[in-house]
Amino acid sequence: MTAPAASNNLHSKLPDVGTTIFTVMSALANECGALNMSQGFPDYDGPEALREALGRHAMAGDNQYAPMAGVLALREQIAAKLLRYYGIEANPDTEITVAPGATEAIYCAITACIQPGDEAIVFDPCFDSYEPAITLSGGIARHIAMSEVDFSIDWDVVESTINERTRLIIINSPHNPSGAILNDVDLRRLESLVTQQHNLYVVSDEVYEHLVFDGERHCSILQYPGLRERSFAAFSFGKTFHITGWKTGYCVAPPALTAELRKVHQFVTFVAVTPVQLALADFMAAEPDFPASLAEFYQAKRDLFCDSLKSSRFGVRPSAGTYFQLLDYSPISDELDTELAVRYTREQGIASIPISVFCEAPPAGGYLRFCFAKREEMLLKGAEILCKI
Ligand SMILES: Cc1ncc(COP(=O)(O)O)c(C=O)c1O
């Protein structure tokens, strides 16, 4: 008799988790030869000087483990960037940790906070990496739906959801997939809620910090003293420098929280990639204004895509931030968004992301998410297809 495959006996810790929708839709787009506006990555490269610096460091022999918290020169550049853009002081030694992607930083922050039975509040639609991290620590995700009209958060609902088991609130601004941003009023309300509790922390996913449009400015959680002392803020170089494949980001948190985050980080990955960190440090020192150019760069893409959709039947409310645009298809179809996204990929040749997969309870309206971090030709081609539907 042959022994059963080991996997048959394995009791899944994440029984409800399958392959992420990003992988599924990108694979389908490839299979169908469809225009891929689903997964969130640019179809253009990061700055040449940054890529050259990576090659230079790799060739110069900077190829062994970096310090666990990250290359010091990069942590110093991060501190300079926080000061320049937000007026925030952060100590590179005790408050800044470089991570192999914001995803890892967020995973480590959640793991550091959540004990079995603890609750973490998340807002739907919610980025797909948060809940598995909560579950793996034995915690429970409490989902609060954002407004289906403007994707704002009802803080009265948050207040009534907080109880003695609530350990963490996870926010994401600018918000993937809706593009909504949290403003000063939101963060002050959050600050007052959090500071009334003894043992409540915040993970703030700010990976799209520089992609904020129409003259608005990103409000970082780090700018609010009551939140600063209880928060882990996660950022991504992938989004800021058009290098999602380099998977490098960082976490900013006060020393006591950073110490706990690093305990987890050192056994999840230990370090981020050395030559990547050195290249980023060089580039940030030479081009500190680069992030400030992103709002205009992406707003032009958003406007091109939205303006080109004027004759379409989709509902379009221009995105306030990120490089995603939601299209409301309720005037066209009452199909499930998951079915429609597949059908449009197969039949119309355009791939998008259905947003119900990021929600515990499917939203009443119907939205598909399109990534506009694409060259002009693709944005125009995508709009042309969508206008014919
Ligand atoms: C909201 C949000 N958080 C985190 C990430 C992951 O960032 P990174 O690639 O740096 O891990 C993404 C990437 O798509 C994102 O959209």
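These numbered points go through selected helices, side chains and backbone features of a predicted model.

1. Helix α2. This helix covers residues 21–32, twelve residues in total. From first C-alpha to last it reaches 16 Å, close to the 16 Å expected at 1.5 Å a residue. Ile21, Phe22, Met25, Ser26, Leu28 and Ala29 are its buried positions. They sit on the same side of α2, because they cover an arc of only 160° around the axis. Asn30 and Glu31 are exposed on the other side of α2.

2. What packs over α2. The cover on its buried residues includes two strands written as β1 (35–36) and β13. It also includes α14 (337–348), β11 (350–351) and β12 (353–354). Just after α2 comes glycine 33, with a positive phi of about 65°.

3. Helix α14. Here the buried residues are Asp337, Leu340, Ala341, Tyr344 and Thr345. They fall within an arc of 135° seen down the axis of α14, so they line one face of the helix. The spacing fits a general rule: an α-helix has 3.6 residues a turn, so residues three or four places apart point the same way. Arg346 and Glu347 are exposed on the other side of α14.

4. What packs over α14. Its buried residues are covered by elements including α2, β11, β12 and β13. The relation with α2 runs both ways: α14 is among the elements that cover the buried residues of α2. Glycine 349, just after α14, takes a positive phi of about 75°.

5. Lysine 374. This residue lies in the loop between β13 (367–371) and α15 (376–387). Does its charge find a partner, or what is the distance to the nearest side chain of opposite charge? Lysine 374 is buried and has no salt bridge. The nearest side chain of opposite charge belongs to aspartate 43, 5.7 Å away. A salt bridge here would need a side-chain nitrogen within 4 Å of a carboxyl oxygen, so aspartate 43 does not qualify.

6. Surroundings of lysine 374. Leaving aside neighbours within four places in sequence, lysine 374 is in contact with Asn36, Gln39, Phe41, Asp43 and Tyr44, among others. Its contacts also include Lys301 and Leu379. A colleague checking protonation may start from this list of contacts.

7. Arginine 51. Its place is in helix α3 (residues 48–59). Relative accessibility is 33%, so arginine 51 counts as partly exposed. Not counting residues up to four places away in sequence, arginine 51 touches Asp45, Gly46 and Trp246. With aspartate 45 there is a side-chain to side-chain polar contact at 3.4 Å. Along the chain, alanine 66 is 15 residues from arginine 51, and their C-alpha atoms are separated by 19 Å.

8. Serine 312. This residue is in the loop between α13 (294–307) and β9 (315–316). Serine 312 is buried, with a relative accessible area of 11%. It touches Leu386 and Cys387, not counting residues up to four places away in sequence. A polar atom of the serine 312 side chain lies 3.2 Å from the backbone nitrogen of phenylalanine 314. Serine 312 and alanine 383 are 71 residues apart along the chain, yet their C-alpha atoms are separated by 8.3 Å.

9. Two cis peptide bonds. One joins serine 173 and proline 174, with omega about -15°. Another runs from asparagine 176 to proline 177, with omega near 15°. Proline 174 is in the loop between β5 (166–172) and α8 (184–195). Proline 177 is found in the loop between β5 and α8 too. As a general matter, most peptide bonds are trans.

10. Positive phi outside glycine. Most residues other than glycine have a negative phi. Aspartate 214 has a positive value, near 60°. Its place is the loop between β6 (201–205) and α9 (225–228). Aspartate 214 counts as partly exposed, at 48% relative accessibility. Phenylalanine 270 also has a positive phi, near 75°. Phenylalanine 270 is in the loop between α11 (255–268) and α12 (274–286). With a relative accessible area of 32%, phenylalanine 270 is partly exposed.

Technical notes. Residues are numbered from 1 along each chain as its sequence is written. This is a predicted model: local features need pLDDT of at least 70, side-chain atom pairs count only at pLDDT 80 or more; totals for chains, interfaces and linings use all residues. Side-chain values use heavy atoms; hydrogens and water are left out. Helices (H or I, at least four residues) and strands (E, at least two) are DSSP runs, numbered from the N terminus. Buried means under 20% relative accessible area, exposed over 50%, partly exposed in between (1.4 Å probe, protein chains only). Lys and Arg count as positive and Asp and Glu as negative; His and the chain ends are not counted. Contact means heavy atoms within 4.5 Å. The expected span of a helix is 1.5 Å times one less than its number of residues. The arc is that of the directions from the helix axis to the C-beta atoms. A polar contact is a pair of N or O atoms within 3.5 Å; within protein, one must be able to donate a hydrogen and the other to accept it, and residues adjacent in sequence count only if both atoms are side-chain atoms.
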